[in-house]
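Open the model in your viewer and keep the selection tool ready. Each stop below says what to pick and what is there.

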Amino acid sequence: MKDFAAIDFETANGRRSSVCSVGIVIVRGGKIVDRFYSLIRPRPNYYTEWTTEIHGLTRRQTDGQPRFPEVWTRVSERIAGLPLVAHNRPFDEGCLRAVFDEYGMEYPDYEFHCTLAASRRLLDLPNHQLHTVSAACGYDLTNHHHALADAEACAAIALHLL
């Protein structure tokens with residue numbers, strides 16, 4: 001796979017619709033050609049302690065940020081016609097479907113691929129967490145749980161495995 005968009009979401013709480021940041025890495029011809037990152041004012045707009053511990057984001061950082069539909073208009077043109085790739089596809093695809101539903105938006109039925117599933121099939125590792133797999137594929141993930149850093153790691157894995 002030489003053309004795709006790697007995507008990663010972070011959520012504010014236990015609801016998948018509560019996306020509070022998105023990272024996108026566009027790959028064409030096997031090369032990264034574009035990156036996109038945005039904070040998002042989540043809905044519902046509250047943070048749990050455990051999600052903030054994971055990614056470090058708080059309501060204070062996202063209250064003044066655009067809502068998902070506004071952010072997605074900037075994303076959708078970048079990813080048009082590209083398959084999406086995520087590490088743990090069920091989570092990220094679930095977030096995307098949930099937030100589309102939350103805002104009453106028509107879901108375009110994106111094609112998704114999963115680097116977690118591919119790594120489990122192709123790599124003998126002690127675990128298949130994003131930081132472990134990305135290191136095995138030659139990518140140093142130093143800012144884990146930042147949506148853009150995680151999308152970059154996912155892109156590196158996809159270029160290596162898919």
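How many of the ten residues of strand β2 (residues 19–28) are buried? Select the strand and check: nine of the ten, so β2 is mostly covered. Keep in mind that this is a predicted model.

**Stop 1: the strands beside β2**

Add β1 to the selection. β1 and β2 run antiparallel, joined by eight bridges. Pick Phe9 and look across to β2, where its bridge partner is Val22.

Now bring in strand β3, residues 31–39. Its pairing with β2 is antiparallel too, over eight bridges. Select Arg28 and find its bridge partner in β3, Lys31. Two residues lie between the strands of this hairpin. Click on Gly29 in the hairpin: its phi is positive, near 60°.

**Stop 2: the largest pocket**

Switch on a surface and look for the largest pocket. Its volume is about 420 Å³. Its lining has 20 residues. To centre the view, select His87, Asn88, Phe91, His144 and His145, which lie nearest the pocket centre.

Next, colour the elements that contribute to the lining. β1 (4–11), α1 (49–55), α4 (89–102) and α5 (115–122) each supply at least two residues. Colour the lining by residue class as well: six are nonpolar, nine polar and five charged.

**Stop 3: Arg89**

Select Arg89, in helix α4. Is Arg89 partly exposed or buried? It counts as partly exposed, because its relative accessibility is 30%, between the 20% and 50% cut-offs.

Show the contacts of Arg89 beyond four places in sequence: Gly94, Phe112, His113 and Cys114. Then draw a distance from the C-alpha of Arg89 to that of Ile7. The two residues are 82 apart along the chain, yet these atoms are separated by 9.4 Å.

**Stop 4: the cysteines**

Show the cysteine sulfurs. How many disulfides does a search of the whole structure find? Zero. Start with Cys95, which is in no disulfide: the nearest cysteine sulfur belongs to Cys20, 9.5 Å away. Cys95 is also buried, with a relative accessible area of 0%.

Move to Cys137. Why is there no bond from its sulfur to that of Cys154? The sulfur of Cys154 is the closest cysteine sulfur, but at 10 Å it is too far for a bond; the cut-off for a disulfide is 2.5 Å. Cys137 is buried as well, with a relative accessible area of 13%.

Methods:
Residues numbered from 1 in each chain as written. Predicted model: local features only at pLDDT ≥ 70, side-chain atom pairs only at ≥ 80, totals over all residues. Heavy atoms only, no water. 1 Å grid on protein atoms, 1.4 Å probe; cavity = no way out; pocket = protein on both sides within 12 Å on 5 of 7 lines; lining within 4 Å. Points joined across faces, edges and corners; volume = space filled by probe spheres on them. Helix = DSSP H or I, 4+ residues; strand = E, 2+ residues; numbered from the N terminus. Nonpolar A, V, L, I, M, F, W, Y, C, P; charged D, E, K, R; others polar. Buried < 20%, exposed > 50% of the residue type's maximum accessible area, 1.4 Å probe, protein only. Pairing = 2+ DSSP bridges. Contact = heavy atoms within 4.5 Å.
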